[in-house]
Amino acid sequence: MDRIGDLASKKAAVIFTKSSCFMCHSIKALFYDIGASPAIHELDQDPKGKEMEWALRSLGCNPCVPAVFIGGKYVGSSKDIISLQVDGSLKQMLIDAKAIWF
């Protein structure tokens with residue numbers, strides 16, 4: 001759990017993913033299209049990935065990937081991020097967290 005918090009707070013935007021997850025790929029692409037360069041942590045490539053997966057689940061991440069943190073706070077999974085993008089608030093959240101500059 002501490003590792004998740006540490007990693008989530010090291011950069012303005014952080015996404016925990018798995019390399020085989022198509023929704024993870026879509027969320028990463030969305031962030032890049034907006035102009036953000038999030039820290040990406042591939043759980044299936046990390047030796048402690050299973051532990052981090054369980055820690056994410058205990059935070060309420062279900063499914064556990066993609067798990068998006070902005071400004072060190074858990075924002076949600078793919079459906080939450082897509083909803084924020086549709087209503088126009090995702091970009092402002094990224095600007096407020098200094099993940100993108102305009």
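Reader: Let's start with Val-68. Which residue is its bridge partner in strand 4?

Author: In this predicted model, Val-68 has Gly-76 as its bridge partner in strand 4.

Reader: And what makes strand 3 and strand 4 a pair?

Author: Two strands count as paired if there are at least two bridges between them. Strand 3 and strand 4 (residues 73-76) are joined by three bridges, so they pass that test. They run antiparallel, and Ile-70 stands opposite Lys-73 of strand 4. The hairpin they form has two residues between the strands, and Gly-71 has a positive phi near 65° there.

Reader: How do you know that strand 1 pairs with strand 3 too?

Author: Again, at least two bridges are needed. Strand 1 (residues 13-17) and strand 3 have four bridges, in the antiparallel sense. Val-14, for one, stands opposite Phe-69 in strand 3.

Reader: So what does the whole sheet look like?

Author: It's an open sheet of four strands, in the order 2-1-3-4, with mixed pairing. Strand 2 (39-42) and strand 4 are at the edges with a single partner strand each, so one side of each has no neighbour in the sheet. From one strand to the next, the twist averages 25°.

Reader: What lies across the sheet strands, and at what angle to strand 1?

Author: Helix 1 does: it lies across strand 1, strand 2 and strand 3, and runs at about 135° to strand 1.

Reader: Which residues cover the two faces of strand 3 (residues 67-70), and are they buried or exposed?

Author: On one side there are Ala-67 and Phe-69, on the other Val-68 and Ile-70, and all are buried.

Reader: Why is Phe-69 called buried?

Author: The cut-off is under 20% relative accessible area. Phe-69 comes in at 4%, so it counts as buried. Phe-16 has 0%, so the verdict for Phe-16 is buried as well.

Reader: What makes the Phe-16 and Phe-69 pair edge-to-face?

Author: The structure holds two aromatic pairs. For Phe-16 and Phe-69, the ring centres are 5.6 Å apart and the planes stand at 80°. Centres have to lie within 6.5 Å for a pair, and planes over 60 degrees apart count as edge-to-face, so the label fits on both counts. The pair also links distant parts of the chain, as Phe-16 is in strand 1 and Phe-69 in strand 3, 53 residues apart.

Reader: Which residue joins Phe-16 and Phe-69 in one aromatic cluster?

Author: Tyr-74 does, and its place is in strand 4.

Reader: Why is Tyr-74 called partly exposed?

Author: Tyr-74 has a relative accessible area of 31%. Buried needs under 20% and exposed needs over 50%, so Tyr-74 lands in between. Beyond its neighbours within four places in sequence, Tyr-74 is in contact with Cys-61, Ala-67, Val-68 and Phe-69.

Reader: How do you know that a charge sits over the ring of Trp-54?

Author: The charged end of Arg-57 is 5.7 Å from the centre of that ring. The distance limit is within 6 Å, so Arg-57 meets it.

Reader: Where are the cis peptide bonds at Pro-63 and Pro-66, and what are their omega values?

Author: One joins Asn-62 and Pro-63, with omega about 5°. Another joins Val-65 and Pro-66, with omega about -5°. Pro-63 lies in the loop between helix 3 (49-58) and strand 3, and Pro-66 has its place in that loop too.

Reader: What is unusual to check about Lys-98, and why is it called exposed?

Author: Lys-98 has a positive phi of about 65° although it is not a glycine. Lys-98 lies in the segment after helix 5 (89-96). Its relative accessibility is 56%, and the bar for exposed is over 50%, so exposed it is.

Reader: Last one: how confident is the predictor, and where is confidence lowest and highest?

Author: The protein chain averages a pLDDT of 94, and 98% of the residues score at least 70. Confidence is lowest in helix 1 (residues 2-9), at a mean of 92, and highest in strand 1, at 98. Where pLDDT is low, predicted coordinates should not be read in detail.

Methods:
Residues are numbered from 1 along each chain as its sequence is written. This is a predicted model: local features need pLDDT of at least 70, side-chain atom pairs count only at pLDDT 80 or more; totals for chains, interfaces and linings use all residues. Side-chain values use heavy atoms; hydrogens and water are left out. Buried means under 20% relative accessible area, exposed over 50%, partly exposed in between (1.4 Å probe, protein chains only). Rings of Phe, Tyr and Trp (its six-membered ring) pair if their centres lie within 6.5 Å; planes under 30 degrees apart count as stacked, over 60 as edge-to-face and the rest as tilted. A charge sits over a ring if NZ of Lys or CZ of Arg is within 6 Å of the ring centre and within 35 degrees of the ring normal. pLDDT is the predictor's confidence in each residue, from 0 to 100. Axes are lines fitted to C-alpha atoms, for helices over the stretch in contact, and angles run from 0 to 180 degrees between N-to-C directions. Contact means heavy atoms within 4.5 Å.
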